[in-house]
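Okay, thanks for making room for me today. I'll put the structure up and then walk through a few pieces of it.

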Amino acid sequence: MTMAMQVITDTKFSVVYLDSTNGFSACRCKEILLSRGTQEKDVADMLRRARVYNVHTLFDALSILTLLTENVARQSDSYHSALRLVILDGVSTLIAPLLDAKQSQGHAMMSHLAAILKSLALDHSIAAVCTNSMVSDISSSSLLKPALGKTWSHVPHCRVALERTCTTSGLHVATLLKSSRQPTGIAVSFLINQKGLDST
Amino acid sequence: MMQRALSSFPLSASQQSKLALAGFETAGDLKGMRIADISSELGVTPSEALEIVRVVTGGQGDGTDTATPPLHAGQSVLALLQEEESRGSIVTFCAKLDEMLGGGLPLGKITEVCGAPGLGKTQLSFQLCVDACIPEAFGGVTGEAVYIDTEGSFVVQRLAEIAQAAKQHIDGLAEASDDPEMWRLASEFTLDHILSRIHCYRSHSYLDLVAIMNVLPEFIKAHPQVKLVVIDSIAAHFRHGFECMSLRNRILGGLSQSLIIIATRFKLAVLLTNQMTTRVNHKFGKPAQLVPALGDSWGHSCTLRVILNWNGSRRFASLVKSPSLKEDVVSYQITRSGVRDVDPSLGNSDALNVASSQGDVSSHLEDLDNDDVTQLDEPWEEEEEERLNMVSTSVVPSGHMLDGIRRSKRPCLSPPSEQ
């Protein structure tokens with residue numbers, strides 16, 4: 001949500017948020033905008049530039065993304081021409097029901113999703129962001145690893161892991177796991193407060 | 001729609017292979033063809049061909065490209081903001097707890113309450129069921145509640161006790177306001193009124209639970225006033241007897257998706273209670289921790305998570321996961337009237353410390369029958385039969401969906417199993 005609001009305040013671009021976890025809160029977005037210095041009267045205009053879709057299954061997400069791709073390609077209205085950020089919240093919630101050891105449909109669906117996101121990102125200069133969950137890692141030395149396994153790990157160009165260092169202080173750490181532009185392993189700490197994600 | 005590969009649609013494997021054999025690769029290949037032609041090309045019945053076309057074009061049977069189907073229609077965040085601001089929440093009668101939750105249990109979201117045995121999860125569920133029926137004029141949502149019982153901890157007498165205390169509270173509010181309209185609403189808010197608006201389902205296995213979830217949308221369409229669905233507890237069927245963990249995770253994932261769909265479509269609050277389990281961290285030398293049951297993958301499914309714990313002899317509730325609220329810890333207590341704030345001036349005379357051992361609770365229930373129940377308006381024994389009949393039954397075709405109330409005609413002396 002912080003990312004979406006940041007894009008809206010700093011630029012004239014529009015944002016699409018696909019919510020699969022029912023975690024999107026418009027009141028919280030408004031709080032983030034106001035505490036970052038937006039005036040009350042501008043909030044309405046800014047919030048018009050963000051759209052949220054509720055997706056419950058992977059097929060819903062695929063339909064919406066296909067529709068978005070077409071609209072962006074056709075530049076059908078001002079909203080779609082200015083679209084530069086697509087956020088898919090909860091990729092593991094969408095794909096997990098389809099993953100079955102016996103069938104390969106889950107992996108096929110992951111490839112379809114990956115193809116659509118890549119075409120949006122590469123052909124239309126849109127930043128596509130997905131959130132994924134972490135699962136316990138019994139094999140290696142670290143406690144947690146990203147969900148969805150090796151198949152999905154090849155899809156994003158850049159991967160950031162968020163962790164909570166200490167429950168009392170509220171400090172979180174973001175570590176770069178995979179990147180083509182920066183060395184991996186860089187970590188930055190941040191807080192979560194009224195402004196959303198904030199630097200310490 | 002035009003360029004989307006047909007293999008990315010939710011079609012069955014046989015349909016996919018027939019489409020591939022006939023040379024159809026993208027959605028655009030099916031466009032403009034008649035159903036009869038499609039069925040002869042694929043070698044399927046016309047009704048199956050129609051179904052395939054429906055899936056591919058998202059609900060329109062004529063094979064043309066359509067605008068976004070209503071289910072997928074997004075909305076601008078501005079519209080969502082206006083809707084969220086007008087949405088109510090279900091109060092818990094504990095002011096601190098309500099403040100922590102941003103006004104009460106939020107409508108349209110899934111809240112999970114986890115705790116060790118004896119902390120009051122079932123009591124909180126009862127309190128919220130009663131509070132869902134409070135009229136809007138008194139700060140409620142004028143709704144009905146559905147209670148899905150998986151552990152057998154549903155006790156009518158306790159629910160009625162909490163409802164009675166809530167009624168007294170509402171009467172007090174109406175008296176203080178001195179408004180004839182409020183008086184009229186308060187007089188309608190009787191014990192019978194409350195109990196008739198709480199619907200109870202009993203589930204004995206995870207299959208029952210899945211069946212109930214499938215039937216619930218029709219039930220809610222028939223009872224549009226339902227504003228709360230409680231599952232107490234979601235963990236009971238899933239902790240034992242599951243050899244295959246991936247099956248368990250998939251069923252839980254399916255359940256959580258159905259709950260999300262019900263919560264967003266019908267704008268109601270969903271409350272799930274969960275148990276606690278111990279996580280042993282041999283490898284890293286950390287001590288064993290008490291964590292919510294059902295694993296990490298379930299932890300991502302609910303929108304809000306509240307963890308209950310003991311600290312000495314006081315009960316505390318901590319908000320650990322929320323998309324829009326700050327983390328916080330508040331203390332609460334369980335009294336004869338239900339969930340309330342901890343009031344230092346009142347002392348513990350009114351407090352009922354429900355001990356985690358089952359013996360104490362059963363002795364309390366026996367006292368309830370024998371005591372001079374001056375707190376309640378009507379004596380229990382005579383009216384009990386009518387009470388039991390007042391609670392509405394679930395209209396479910398399947399025979400073994402029992403109504404939890406009609407199980408026993410005698411007061412249920414077995415204590416609520418606070419697992």
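Let me begin at a glycine. A:G37 sits just after helix α2 of chain A and takes a positive phi of about 100 degrees. Before anyone asks, yes, this is a predicted model, so keep that in mind throughout.

Let's back up into the helix itself. Which residues of α2(A) are buried? Those are A:A26, A:R28, A:C29, A:K30, A:I32 and A:L33. A:C27 isn't on that list; with a relative accessible area of 33%, A:C27 counts as partly exposed.

Now, this helix, residues 26–35 of chain A, meets a helix from the other chain, α5(B), and their axes come within 8 Å and cross at roughly 110 degrees. That makes α2(A) roughly perpendicular to α5(B). On the α2(A) side the contact is made by A:A26, A:C27 and A:K30, and on the α5(B) side by B:V77, B:L80, B:L81, B:E84 and B:E85. Sort the residues of that contact by class and you get 5 nonpolar, no polar and 3 charged.

The same chain B helix turns up again. Helix α3 of chain A, residues 40–48, and α5 of chain B, residues 77–86, have axes that come within 6 Å and cross at roughly 120 degrees. That makes α3(A) oblique to α5(B). Here A:A44, A:L47 and A:R48 meet B:V77, B:L78 and B:L81. The classes in the contact of α3(A) with α5(B) are 5 nonpolar, no polar and 1 charged. If you're clicking along, B:V77 and B:L81 are worth selecting: they are among the α5(B) residues that touch α3(A), and they also appear in the contact with α2(A).

One more stop in chain A, a histidine. A:H80 is in helix α5 of that chain, residues 78–81, so mind the chain letter when you say α5. Is A:H80 buried or exposed? Buried, with a relative accessible area of 5%. Leaving aside neighbours within four places in sequence, A:H80 is in contact with A:R51, A:L68, A:N71 and A:V72.

Next, cysteines. How many disulfides does a search of the whole structure find? The count is 0 over all chains. Take A:C27 again: the closest cysteine sulfur is in A:C29, and at 9.1 Å that is too far for a bond. A:C158 is in no disulfide either, with the nearest cysteine sulfur, that of A:C130, 12 Å away. A:C158 counts as partly exposed, at 44% relative accessibility.

Over to chain B and its sheet. There are 9 strands in an open, mixed sheet, and the order is β6-β5-β7-β8-β4-β11-β12-β13-β14. Which strands stand at the edges? They are β6 and β14, the latter being residues 338–341, and each has a single partner strand, so one side of each is left without a neighbour in the sheet. From one strand to the next, the twist averages 25 degrees.

Let's look at each edge in turn. At one of them, β6(B) pairs with β5, residues 144–149 of chain B, in the parallel sense over 5 bridges. If you want a landmark, B:V146 stands opposite B:H199 in β6(B). At the other edge, β13, residues 328–335 of chain B, pairs with β14(B) in the antiparallel sense over 4 bridges, and B:T335 has B:G338 as its bridge partner in β14(B).

So is that β6 edge strand left in the open? Strand β6, residues 198–202 of chain B, is mostly covered, with 5 of its 5 residues buried. Both faces are covered: B:I198, B:C200 and B:R202 on one side, B:H199 and B:Y201 on the other.

Two helices lie across this part of the sheet. Helix α8 of chain B, residues 156–177, lies across β6, β13 and β14, running at about 45 degrees to β14(B). Helix α11, residues 206–222, lies across β5, β6 and β7 of chain B, at about 170 degrees to β7(B).

Last one, a glutamate. B:E188 is in helix α9 of chain B, residues 180–188, and is partly exposed, with a relative accessible area of 40%. B:E188 and B:V339 are 151 residues apart along the chain, and their C-alpha atoms are separated by 23 Å.

That's my tour, thanks.

Definitions and conventions: Residues numbered from 1 in each chain as written. Chains lettered and ligands numbered in written order. Predicted model: local features only at pLDDT ≥ 70, side-chain atom pairs only at ≥ 80, totals over all residues. Heavy atoms only, no water. Axes fitted to C-alpha atoms, helices over the stretch in contact; angles between N-to-C directions. Helix = DSSP H or I, 4+ residues; strand = E, 2+ residues; numbered from the N terminus. Parallel < 35°, antiparallel > 145°, perpendicular 65-115°, else oblique. Contact = heavy atoms within 4.5 Å. Nonpolar A, V, L, I, M, F, W, Y, C, P; charged D, E, K, R; others polar. Buried < 20%, exposed > 50% of the residue type's maximum accessible area, 1.4 Å probe, protein only. Pairing = 2+ DSSP bridges. Disulfide = S-S within 2.5 Å.
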